[in-house]
Amino acid sequence: MQRGKKVISPHFMLHVVIEDHILKNQPPRIGVIVSQKFSKKANARNLLRRRITEILRRFVLPKSTRSFEAVLRVLSQKNELDFAEVRSELSQLFHKIKII
């Protein structure tokens, strides 16, 4: 049985499970997956992963009003994503799912 919600944007796929009664008073947990389909070079994947975690830490998690568990997958795109693009797209994803 599948639980939670899935939201897709041009570069990301977000799977979220919101269970306030189970996760009450616990911080949100988010996993970030950047596969080799994005880039064969580990430094490019790690750079994007560091950008995503910094955006989540500075802009998404302080505004979150609920406890949740999420997995954020980067879809296979060969182009480089800058900080501003990633920030705007992630904020739109979390607004769609009504976490912030």
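User: How many salt bridges does a search of the whole structure find?
Analyst: The search finds 3 salt bridges in the whole structure, and please keep in mind from the start that this is a predicted model, with every value computed from its atoms.

User: Which side chain does Glu69 meet in a salt bridge?
Analyst: Glu69 meets the side chain of Arg29, with a distance of 3.2 Å from N to O. This pair links distant parts of the chain, since Glu69 belongs to strand β4 (residues 69–74) while Arg29 belongs to strand β3 (residues 29–33), and the two are 40 residues apart.

User: And is Glu69 buried, partly exposed or exposed?
Analyst: Glu69 has a relative accessible area of 26%, so it counts as partly exposed, and its partner Arg29, with a relative accessible area of 53%, counts as exposed because the cut-off for that class is over 50%.

User: OK, what about Glu54, which residue does it bridge to, and how far apart are the closest N and O atoms?
Analyst: Glu54 forms a salt bridge with Arg57, and their closest N and O atoms are 2.6 Å apart. Both residues lie in helix α1 (residues 42–60), where a spacing of 3 residues amounts to about one turn of the helix.

User: Which other residue forms a salt bridge with Glu54?
Analyst: Arg58 does, with the closest N and O atoms 3.9 Å apart, and this pair also sits within helix α1, here 4 residues apart, which is again about one turn of the helix. Taken together, Glu54, Arg57 and Arg58 are linked in a network of salt bridges.

User: How exposed are the members of that network?
Analyst: Glu54 is partly exposed, with a relative accessible area of 25%, and Arg58 is also partly exposed, at 46% relative accessibility. Arg57 has a relative accessible area of 51%, so it counts as exposed.

User: Switching topic, how many helices and strands are there?
Analyst: The protein chain has 2 helices and 4 strands, and if you read along the sequence, you meet them in the pattern β-β-β-α-β-α.

User: Why does the radius of gyration agree with a compact globule?
Analyst: For 100 residues, a compact globule would have a radius of gyration near 13 Å, and the protein chain has 14 Å, so the two agree. If you would like dimensions as well, the C-alpha atoms fill a box of roughly 40 × 30 × 20 Å, taken along the principal axes.

User: What share of the residues counts as buried?
Analyst: Of the 100 residues, 37% count as buried. As for the outside, the accessible surface comes to about 6500 Å², and 51% of that surface belongs to carbon and sulfur atoms.

User: What share of the contacts comes from residues 24 or more positions apart?
Analyst: Among contacts with a separation of 6 or more, 78% are accounted for by residues 24 or more positions apart.

User: And the charges, how many positive and negative side chains are there?
Analyst: There are 21 positive and 8 negative side chains in the protein chain, and the centres of the two sets lie 3 Å apart.

User: Which residue has a positive phi although it is not a glycine?
Analyst: That is Lys98, with a phi of about 65 degrees. The sign is worth noticing because most residues other than glycine have a negative phi. Lys98 lies in the segment after α2 (83–96), and at 62% relative accessibility Lys98 counts as exposed.

User: Where is Leu61 found, and which residues does it touch?
Analyst: Leu61 is in the loop between α1 and β4, and, if you do not count residues up to four places away in sequence, Leu61 touches Pro28, Ile30, Leu56 and Phe68. At 30% relative accessibility, Leu61 is partly exposed.

User: How far is Leu61 from Arg73 in space?
Analyst: From C-alpha to C-alpha, Leu61 and Arg73 are 17 Å apart in space, while in sequence they are 12 residues apart.

User: Last one, why does Ser39 count as buried or exposed, whichever it is?
Analyst: Ser39 counts as buried, because its relative accessible area is 16% and the cut-off for buried is under 20%. Its place is in the loop between β3 and α1, and, leaving aside neighbours within four places in sequence, Ser39 is in contact with Ala44 and Arg45.

Notes: Residues numbered from 1 in each chain as written. Predicted model: local features only at pLDDT ≥ 70, side-chain atom pairs only at ≥ 80, totals over all residues. Heavy atoms only, no water. Rg over C-alpha atoms; globule rule 2.2 N^0.38 Å. Buried < 20%, exposed > 50% of the residue type's maximum accessible area, 1.4 Å probe, protein only. Contact = heavy atoms within 4.5 Å. Areas by Shrake-Rupley, 256 points an atom, 1.4 Å probe, with all protein chains shown as cover. Lys, Arg positive; Asp, Glu negative; His and termini not counted. Charge placed at Lys NZ, Arg CZ, Asp CG, Glu CD. Salt bridge = Lys/Arg side-chain N within 4 Å of Asp/Glu carboxyl O.
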